[in-house]
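Open the structure in your viewer and keep the sequence panel in sight. This tour goes from one selection to the next and says what is there at each stop.

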Amino acid sequence: MTDREEAQTAFAGLLLDRIRRDKYPSMTQMQILEQVIPRPLVREYLNVLLEKVIVEKWPSVSMLQRIARITQHV
């Protein structure tokens, strides 16, 4: 793994942890994560988002659209 890949993975991991912890994660943080996320973390990110919509009676349309986009890249 190159230094660049290691840095991207570390940064993506940091963002993924924040998104996981926040009840209503920042759209900006999710957009940034989606720009840098390494392939091995995509499934974990998808699972985090799915967990968020499962607990909501009325999940946001933007979150559902985001999940739909991500499922095209798994």
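Two helices to colour at the start are H3 and H4: each of them supplies at least two residues of the lining of the second largest pocket. Keep in mind that the model is a predicted one.

**Stop 1: the second largest pocket**

Select Glu-34, Ile-37, Arg-39, Val-42, Tyr-45, Arg-66, Arg-69, Ile-70 and His-73, which line the second largest pocket. The volume of this pocket is about 180 Å³. Colour the selection by class, and the lining divides into 4 nonpolar, 1 polar and 4 charged residues. Two of the lining residues, Arg-66 and Glu-34, come back at a later stop.

**Stop 2: helix H4**

Now select residues 61-71, which make up helix H4. Which residues of this helix are buried? They are Met-63, Arg-66, Ile-67 and Ile-70. Turn the view until you look down the axis of H4: the buried residues fall within an arc of 100°, so they line one face of the helix.

Next, show what that face meets. The buried residues of H4 pack against helix H2, residues 27-36, and against helix H3, residues 39-54.

**Stop 3: Arg-66**

Stay in helix H4 and select Arg-66, which has its place there. Is Arg-66 buried or exposed? Its relative accessibility is 5%, and residues under 20% are classed as buried, so Arg-66 counts as buried.

Add its surroundings to the selection. With neighbours within four places in sequence left aside, Arg-66 is in contact with Met-27, Met-30, Gln-31, Glu-34, Tyr-45 and Leu-49.

One of these contacts deserves a separate view. The side chains of Arg-66 and Glu-34 meet in a salt bridge, with 2.6 Å from N to O. Arg-66 belongs to helix H4 and Glu-34 to helix H2, so this pair ties together parts that are 32 residues apart in sequence. Glu-34 is partly exposed, with a relative accessible area of 28%, whereas Arg-66 is buried.

**Stop 4: the other salt bridges**

How many salt bridges are counted in the model? The count comes to 3. To see more of them, select Asp-17, Arg-20 and Glu-44, which are linked in a network of salt bridges.

Begin with Arg-20 and Asp-17, whose side chains meet at 2.9 Å, N to O. Both residues lie in helix H1, residues 3-21, and they are 3 residues apart, about one turn of the helix.

Then follow Arg-20 to Glu-44, where the salt bridge is 2.5 Å from N to O. This pair links distant parts of the chain, with Glu-44 in helix H3 and Arg-20 in helix H1, 24 residues apart.

Check the accessibility of each member of the network. Arg-20 is partly exposed at 34% relative accessibility. Asp-17 is partly exposed with a relative accessible area of 38%, and Glu-44 is partly exposed with 32%.

**Stop 5: Phe-11**

Remain in helix H1 and select Phe-11, which lies there. At 38% relative accessibility, Phe-11 counts as partly exposed. Which residues does Phe-11 touch, not counting those up to four places away in sequence? It touches Ile-32 and Val-36. Draw a distance line between the C-alpha atoms of Phe-11 and Ile-32: they are separated by 9.9 Å, and the two residues are 21 residues apart along the chain.

**Stop 6: the largest pocket**

The last selection is the largest pocket, with a volume of about 210 Å³. The pocket is lined by 13 residues, and the closest to its centre are Lys-23, Tyr-24, Lys-52, Glu-56 and Met-63. Met-63 was selected before, as one of the buried residues of helix H4.

Which helix gives the largest share of the lining? It is H3, with 3 residues. Colour this lining by class as well, and it shows 8 nonpolar, 1 polar and 4 charged residues.

Notes:
Residues are numbered from 1 along each chain as its sequence is written. This is a predicted model: local features need pLDDT of at least 70, side-chain atom pairs count only at pLDDT 80 or more; totals for chains, interfaces and linings use all residues. Side-chain values use heavy atoms; hydrogens and water are left out. Buried means under 20% relative accessible area, exposed over 50%, partly exposed in between (1.4 Å probe, protein chains only). Helices (H or I, at least four residues) and strands (E, at least two) are DSSP runs, numbered from the N terminus. The arc is that of the directions from the helix axis to the C-beta atoms. Contact means heavy atoms within 4.5 Å. On a 1 Å grid over the protein atoms alone, a cavity is a set of points where a 1.4 Å probe fits but cannot get out, and a pocket is an open set with protein on both sides within 12 Å along at least five of seven lines; lining residues have an atom within 4 Å of a point. Grid points are joined across faces, edges and corners, and a volume is the space filled by probe spheres set on the points. Ala, Val, Leu, Ile, Met, Phe, Trp, Tyr, Cys and Pro count as nonpolar, Asp, Glu, Lys and Arg as charged, and the others, Gly among them, as polar. A salt bridge is a side-chain nitrogen of Lys or Arg within 4 Å of a carboxyl oxygen of Asp or Glu.
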